[in-house]
Structures are given as structure tokens and as C-alpha cells.
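This report describes a single protein chain, going from individual residues to a helix pair and then to the chain as a whole. The sequence and structure come first.

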Amino acid sequence: MEKFVNKTFLSIQLNRSYSTLANKNKKLLDIVKPGVVTGNDLFKLYNYAKANEFAIPAINCTSSSTVNATLEAAREMKAPIIIQFSNGGSIFFAGKGLNNKNQDAAITGAISGALHVRQVAKSYGIPVILHSDHCARKLLPWMNGMIKADEDYYKVYGEPLFSSHMLDLSEEKKEDNIKTCISYFKRMAKMNQFIEMEIGITGGEEDGVDNSSAENSSLYTQPEDIWDVYREFSKISPFFTIAAAFGNVHGVYKPGNVVLRPDLLGKHQEYVRKKIASKEKKPISFVFHGGSGSTKQEIQTALQNGIVKMNIDTDTQWAYWSGVHKFYNNKKDYLQGQIGNPEGNDKPNKKYYDPRTWLREGEKSMIKRIKEACINLNNVNVL
């Protein structure tokens with residue numbers, strides 16, 4: 001097998017190996033500070049996660065309420081967390097009443113959400129990764145707007161507004177996918193910003209990206225594809241993650257209905273390791289998409305094979321709604337009018353219908369589900 005070894009790859013190997021060996025026996029807050037993590041600190045964080053076989057839940061947020069619930073859950077678990085905004089989530093954050101011509105509302109919402117996270121993250125005392133999710137080619141104006149905001153922020157603070165962005169061009173030809181990602185990555189690398197790219201298709205539908213009719217064979221990325229990505233991206237920067245397909249499907253499904261093969265990630269690691277003649281067993285930082293409904297064993301196998309990030313959206317959406325729904329059912333008799341309840345016809349109900357009351361119940365239910373995700377991903381007491 002061809003061994004592709006040059007100064008770029010040797011530098012990356014040394015950097016990764018140093019980061020892993022130096023940090024394995026330390027707690028995370030000995031390595032990175034609380035608040036939004038970017039650049040080399042994020043690189044250290046992901047290597048620390050791989051060395052200690054845990055991954056960080058990436059929670060899709062749509063409001064300050066869901067952001068705050070996510071931060072609270074991570075604080076309680078003494079763990080880092082990833083907050084990510086999808087295109088639709090960004091639009092909702094800005095307000096559905098805004099016109100999204102030229103992705104203006106999505107850009108405004110993403111920036112607004114990012115600034116909120118930056119304002120409060122340190123107060124929660126945890127490392128936070130600020131990320132944007134699933135940008136297809138039709139949404140590139142949204143990406144352009146976010147990166148412009150990153151560059152403006154970088155000029156003032158020496159780091160980008162977002163820790164990382166994801167480009168999802170997985171439906172396109174591999175060559176076109178890589179070429180477009182590289183063009184963005186070169187721009188992002190100037191700010192020491194991470195990129196996440198998807199190679200191979202995650203099935204199902206999420207936030208307007210519909211791959212429910214994808215061919216089964218396309219749901220499993222080949223090792224040669226992973227190598228092509230690793231080789232080209234490493235020429236620019238080591239700050240990248242790869243969302244490889246191993247049977248993943250967005251949305252909720254019963255265990256057994258989808259054939260996940262997280263063991264394939266180990267084969268990808270070995271393939272690339274041999275190509276670069278590395279002693280490191282896991283040179284790639286993988287991302288797990290479509291994690292809802294996965295078994296605990298599947299998750300553990302993925303952790304052993306180098307995933308550092310796992311997306312959680314469908315389950316946290318349900319959890320938030322479930323909390324609100326249960327509150328309504330428990331307090332139904334107090335929610336039929338502003339005045340009048342079982343305690344008396346003249347008794348006020350304001351404290352029950354106040355949005356702060358029932359939204360908090362949604363938050364508490366969401367917090368519980370995020371804590372469960374942290375436990376499943378071994379992301380507990382790592383600070």
C-alpha cells in the first residue's frame with residue numbers, strides 16, 4: 001500500500017501525537033479554558049476525547065431557551081458540549097417574521113445565536129464548541145455570511161465567531177464535494193477554524209435536507225474516499241473532522257431497523273494510518289450523524305474507533321415537547337382561562353400560563369435527555 005509521507009503529514013502526526021500523549025492523564029480544564037473553544041484548543045479537545053474514548057454531544061438549538069438548557073445539562077455533567085445551529089434553526093432564532101431572501105434571516109439568526117452563546121458560555125464554566133450544521137450547496141450564501149462574520153470577529157478578537165462549520169455536499173460527486181470544501185477550508189484555515197465535511201450520505205430527512213430515497217450502498221463510505229479527504233485537507237490544516245457514512249439515518253427509528261456499521265470506522269482509521277505511516281491508531285476525528293435510536297453498543301464501538309462528535313436533534317426536540325406536554329396535562333384545569341381554576345372561579349392562572357413556567361418544563365426535560373446522551377458517550381466528569 002502506498003505510503004504518503006511528506007512534511008505536512010509528519011507535522012500533523014507529531015502535533016496529534018504530542019497532543020494525545022501530553023494530555024491523556026490530565027483533566028480537560030487543565031488543557032482548555034471555559035467558554036467557546038476554537039483553533040488549537042479545539043484541536044487539543046478533540047484529541048483528548050479520542051485518547052479517552054468519549055465524544056461530545058452536538059445539540060441543535062433554535063432559541064436562547066434550548067441553548068441555555070444545553071449549557072445547563074453540560075455543566076451538571078461536568079462535560080464539554082457542542083451547540084450547533086442549522087439553517088432552519090438559524091432562521092427561527094432570528095424570527096420567522098423576517099424575510100430570508102438571500103439567506104439574510106439565516107445569517108442574522110446564526111450570528112445572533114453565536115453571540116448569545118459567547119455571552120453566556122463562560123458563566124457556565126464549561127468548554128463550548130460553537131458550530132453550524134448541514135450546509136448544502138443551495139445554502140452556501142448562508143455559509144458565506146457566517147464566514148464573513150467570523151472574519152470580522154477575528155479582526156477584533158483574534159479568533160473566529162464560530163468554532164467550526166459543516167459543509168454537506170455528500171449528494172454530489174466526491175471530486176466536487178472535496179473541491180468545494182477545500183475552497184472554503186482555505187479561507188477558514190486563515191482563522192484557525194475547523195471544518196466538518198460529510199463524505200457518503202446520511203439517510204433520512206433533517207431540516208429540509210432529504211436523503212430518504214438514497215441508495216443503500218451510498219450509506220457506507222469507502223476507505224479510499226476517507227483517504228482522499230484526509231490527504232487533501234491535511235495539505236491545508238489539521239483542523240478538520242469527517243462525517244463518514246456507516247449506515248446512519250437522520251430521524252427516529254427502532255433499533256434494528258437501520259444497519260449501523262461503526263466497526264467500519266476502525267477500518268478507515270487503519271487504512272489512513274498505513275497510508276501516512278503513523279504510529280497513532282486513530283489519526284482521524286470522526287463525526288457520528290443520525291445517532292437517534294442507536295444502541296449503546298453501537299455508540300461504544302464508534303467511540304473506540306475515533307468519533308469525537310455525535311449529533312443529537314430528533315431526541316432533544318421530542319424531549320422539549322414532552323416536558324411542555326406533561327406540564328399541560330398536569331395543569332390542564334389551570335390553563336383554560338386567565339381566571340378560574342379548581343381552587344376558585346376568581347383565582348388567577350398567570351403563574352401557570354406564563355411562558356417562563358412551561359418553557360422551563362421543556363428545558364428540564366431536554367436537560368434530562370442531553371445528560372443521557374453525555375452518559376452514553378462517556379462524556380461525564382471529564383473537566
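Does N192 count as buried, partly exposed or exposed, and at what relative accessibility? The model is a predicted one. In it, N192 counts as partly exposed because its relative accessibility is 40%, which falls between the limits of 20% and 50%.

**Two residues with positive phi**

N192 sits in the loop that runs between α7 (174–189) and β6 (194–199). Its phi is near 60°, a positive value in a residue that is not glycine. Most residues other than glycine have a negative phi. N378 is a further case, with a positive phi near 60°. N378 belongs to the segment that follows α13 (355–376), and its relative accessible area of 32% makes N378 partly exposed.

**Accessibility of four residues**

The table collects the relative accessible areas of N192, N378, E224 and E363.

| Residue | Relative accessible area | Class |
|---|---|---|
| N192 | 40% | partly exposed |
| N378 | 32% | partly exposed |
| E224 | 39% | partly exposed |
| E363 | 12% | buried |

E363 is part of helix α13. Why does E363 count as buried? Its relative accessible area is 12%, and the class takes residues under 20%. With neighbours up to four places away in sequence set aside, E363 is in contact with S65, A69 and Y320.

**The segment after α13**

L383 also lies in the segment after α13. Leaving out neighbours within four places in sequence, L383 has contacts with K27, L28 and L29, with K78, A79 and P80, and with G125, I126 and P127. L383 and K33 are separated by 350 residues in sequence, and their C-alpha atoms are 10.0 Å apart in space.

**The pair α8 and α9**

Helix α8 covers residues 223–234 and helix α9 covers residues 263–275; their axes come within 9 Å of each other and cross at roughly 50°. That angle makes α8 oblique to α9, since it lies outside the ranges for roughly parallel, antiparallel and perpendicular. The crossing of α8 past α9 is right-handed.

Which residues of α8 meet α9? They are P223, E224, I226, W227 and Y230, and on the α9 side the residues are H268, Y271, V272 and K275. By type, the residues of this contact comprise six nonpolar, one polar and two charged.

E224, in helix α8, is partly exposed at 39% relative accessibility. From E224 to V272 the C-alpha to C-alpha distance is 8.7 Å, with their positions 48 residues apart in sequence.

**Nonpolar core**

The largest nonpolar core contains 102 residues. Those with the most contacts inside this core are Y46, L71, F85, V117, F233 and I307. For L71, residues up to four places away in sequence are not counted, and the residues touched are I81, I83, V120, Y124, I126 and V128. I126 is thus among the residues touched by L71 and also among those in contact with L383.

**The chain as a whole**

The protein chain has 13 helices and 13 strands. It consists of 383 residues, of which 57% count as buried. Among contacts in the chain with a separation of 6 or more, 72% are between residues 24 or more positions apart.

Terms used
Residues are numbered from 1 along each chain as its sequence is written. This is a predicted model: local features need pLDDT of at least 70, side-chain atom pairs count only at pLDDT 80 or more; totals for chains, interfaces and linings use all residues. Side-chain values use heavy atoms; hydrogens and water are left out. Axes are lines fitted to C-alpha atoms, for helices over the stretch in contact, and angles run from 0 to 180 degrees between N-to-C directions. Helices (H or I, at least four residues) and strands (E, at least two) are DSSP runs, numbered from the N terminus. Angles under 35 degrees count as roughly parallel, over 145 as roughly antiparallel, 65 to 115 as roughly perpendicular and the rest as oblique. A crossing is left-handed if the near helix is turned anticlockwise from the far one by less than a right angle, and right-handed if clockwise. Contact means heavy atoms within 4.5 Å. Ala, Val, Leu, Ile, Met, Phe, Trp, Tyr, Cys and Pro count as nonpolar, Asp, Glu, Lys and Arg as charged, and the others, Gly among them, as polar. A nonpolar core is a set of buried Ala, Val, Leu, Ile, Met, Phe, Trp, Tyr and Cys residues joined through side-chain atoms within 4.5 Å. Buried means under 20% relative accessible area, exposed over 50%, partly exposed in between (1.4 Å probe, protein chains only).
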